[in-house]
Each structure stands twice: as C-alpha cells, then as structure tokens.
Amino acid sequence: MTVRVITDSASDITGFDHASLTVLPLTVAFGDTVYRDGVDLSSERFFELLVESDEMPSTGAVSPGAFAEAFDRAHEAGEDVVAVTLSSRLSGTWQSAMVAAEGRPWVHVVDSLNVCIGEQILVQYALMQVERGLSAVEVARLTQEARDDVHVLALLDTLEYLRRGGRIGSAAAGVGALLAIKPVVTVRDGRVELVGKARGSKNGRNMLVQLVREHPVDFHRPFALACSEGGERTLRKYVDDSHELWEGMVEGLPICSVGATIGTHVGPGAIAVAFFSQGA
C-alpha cells in the first residue's frame with residue numbers, strides 16, 4: 001500500500017512539488033471577502049491587503065469535509081494517509097482532521113505542534129519516510145517522534161502585528177517602534193512565544209545567529225529559511241552573518257515565502273529559520 005501525506009497551507013509548502021503530497025488550503029478573510037490560502041490568494045497579494053487594511057484578517061481552519069474528501073480520494077487511489085497538521089494549539093485544523101479520520105482506519109493524523117516552515121520541514125521528513133517505502137503507521141510514528149527535534153526561530157521587523165493580534169499592548173508596541181525593537185519569536189509546545197527583543201536589525205540578526213548555534217543543525221534532515229514580503233534583504237544579510245553555518249550550500253539554501261496564516265501575526269519584513277537539532 002502506497003502512502004499519501006496530506007497537510008495544510010499553514011506549512012507554506014504550496015510551491016513544493018512531490019507526487020505523494022496533497023496541500024489543503026486554510027481560508028483568509030478580509031472583511032466579507034474570503035480567500036483560499038495559496039489558491040486564490042498569493043503571498044504577495046496577502047501582504048498588500050494586510051498593509052492596506054485597518055483590521056486584522058481572520059483565518060479559518062481546513063474543514064472536516066475537506067479532509068474527508070481528500071482522505072477518500074487517497075483511499076480510492078489505493079493509498080493510506082498520513083495527515084500532518086498545523087499545531088492544535090493555534091488552529092482547529094488538527095481537530096478537523098481528527099473528526100474526518102473517524103471511521104477511516106487508513107488515516108493517521110500527526111499534530112505538528114508547529115506552523116509555517118516548522119510544520120513544513122516535518123512534512124518533508126514524513127515524505128522522506130514515504131520514499132523509504134515505510135507503511136503509513138511507521139511514517140506517522142517516526143514523524144511524531146521527530147517533531148520534538150524541530151526548532152523554529154523568527155526575527156520580526158515590527159511589534160505592530162503582534163499588537164493587532166492582541167499579543168502585546170499598544171504602549172509596548174509604541175515604545176518598540178520608537179526604539180526600533182526587533183522581536184525574536186519561536187514555537188514552543190505548539191504556541192508562538194517571544195524569546196527576545198533586540199534594538200535594531202543587526203542586533204536582531206546576531207541574536208538569531210546565536211540562538212541557532214545553541215542547537216546545532218542536523219543537515220541530514222530537512223531545514224528551511226523563509227521571509228515575509230519585504231524581508232528578502234534582511235534574510236540575505238542573516239545568511240551572510242551566519243555564513244559558516246551554511247558554508248558550501250548558500251546557493252542552494254531552501255528559501256520560501258511566509259504565507260497568510262503566520263503572516264497575519266508577524267507582518268512584512270520578517271525572516272525565519274527552521275531545522276532539526278542534532279543528537280536526538
């Protein structure tokens with residue numbers, strides 16, 4: 001029995017082409033207009049709307065019906081399913097997958113406890129296990145075991161979108177803007193957490209470099225870098241700052257764009273790195 005990996009667009013893996021992968025879109029609403037993430041709303045257009053809008057967009061989970069339809073299509077094609085979802089602590093998408101998996105014993109659901117490129121590299125790890133010819137049960141087990149080794153760190157350009165999302169107060173965001181504070185965030189236990197604040201972009205990049213060095217990268221497993229709209233220059237500088245880490249592979253670094261799901265909270269100009277740590 002072949003195995004299909006199904007994930008959601010919060011993984012920002014929409015441009016990744018693999019024969020065994022299916023990506024289901026979350027929804028993004030600006031007022032009364034609802035878009036399918038990565039289908040009829042590109043990353044570039046999302047950030048245009050985000051900057052132009054006075055209100056935060058809302059995101060909607062993949063529905064149980066969408067999962068059920070994808071699960072059944074895979075079954076009809078003779079495939080078992082491993083579904084790797086956005087963190088259950090950030091979205092109802094995992095719950096939707098679990099509801100759809102009821103009565104479908106060929107489906108195995110893994111909560112990534114992550115988002116964006118953290119979820120993405122876990123999906124890529126699952127696909128590596130599929131390529132080894134493992135069963136869906138084995139792929140799901142190994143993927144769930146590997147999720148604790150995933151590290152995600154992001155440098156944001158502004159506190160404004162954390163303020164809009166209610167994660168910090170207006171006064172803190174205002175002071176942060178005056179002092180050019182650049183927050184560094186991570187995903188811990190399935191939730192986004194602030195781990196540091198640096199004054200200025202250079203200090204922020206240095207903090208990011210230091211934090212990555214605390215958990216040596218396992219280059220035998222997937223890793224990725226990403227930036228939201230307008231963060232390309234900062235990402236290039238970050239790679240230069242940490243060139244010894246990427247020595248010999250700078251030209252081939254896996255870089256993707258941050259999409260709507262996490263982009264809503266980090267805003268434009270953000271950069272991120274995700275990797276598996278060594279020794280686990």
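**Cavities and a buried lysine**

The lining of the largest cavity is an almost wholly greasy affair by residue class: 15 of its residues are nonpolar, one is polar and no charged residue takes part. The model is a predicted one, and a search through the whole of the structure turns up two cavities of 30 Å³ or more. The largest of the two comes out at about 140 Å³. Its lining is made up of 16 residues, and those closest to the centre are Val152, Ala154, Ile262, Val266 and Ala272.

As for where that lining comes from, both helices and strands chip in. Two or more residues each are supplied by helix 4 (116-131), strand 8 (150-155), strand 9 (181-188), helix 10 (260-266) and strand 13 (271-276). Strand 9 gives the most, with three residues.

The second largest cavity holds about 40 Å³ of space. Around it sit Leu155, Leu156, Asp157, Lys182, Ser201, Thr234 and Gly269. Sorted by class, that lining has two nonpolar, three polar and two charged residues, whereas the lining of the largest cavity has no charged residue.

Lys182 deserves a closer look. It belongs to strand 9, the element that gives the most residues to the lining of the largest cavity, and Lys182 itself is among the residues that line the second largest cavity. With a relative accessible area of 13%, Lys182 falls under the 20% cut-off and therefore counts as buried. Its side chain is not without a polar partner: one of its polar atoms lies 2.9 Å from the backbone oxygen of Asp157. Asp157, like Lys182, is on the list of residues lining the second largest cavity.

Elsewhere in the chain, strand 7 (residues 107-111) is mostly covered, with four of its five residues buried. Strand 7 pairs with strand 6 (residues 79-85); the two run parallel and are joined by five bridges. One of the residues involved is Thr85, whose bridge partner in strand 7 is Asp111. To get from strand 6 to strand 7, the chain passes through helix 3 (residues 93-101), and the resulting β-α-β crossover is right-handed.

Methods
Residues numbered from 1 in each chain as written. Predicted model: local features only at pLDDT ≥ 70, side-chain atom pairs only at ≥ 80, totals over all residues. Heavy atoms only, no water. 1 Å grid on protein atoms, 1.4 Å probe; cavity = no way out; pocket = protein on both sides within 12 Å on 5 of 7 lines; lining within 4 Å. Points joined across faces, edges and corners; volume = space filled by probe spheres on them. Nonpolar A, V, L, I, M, F, W, Y, C, P; charged D, E, K, R; others polar. Buried < 20%, exposed > 50% of the residue type's maximum accessible area, 1.4 Å probe, protein only. Pairing = 2+ DSSP bridges. Right-handed = clockwise from strand over helix to strand, strands pointing away. Polar contact = N/O pair within 3.5 Å; in protein donor to acceptor, adjacent residues only side chain to side chain.
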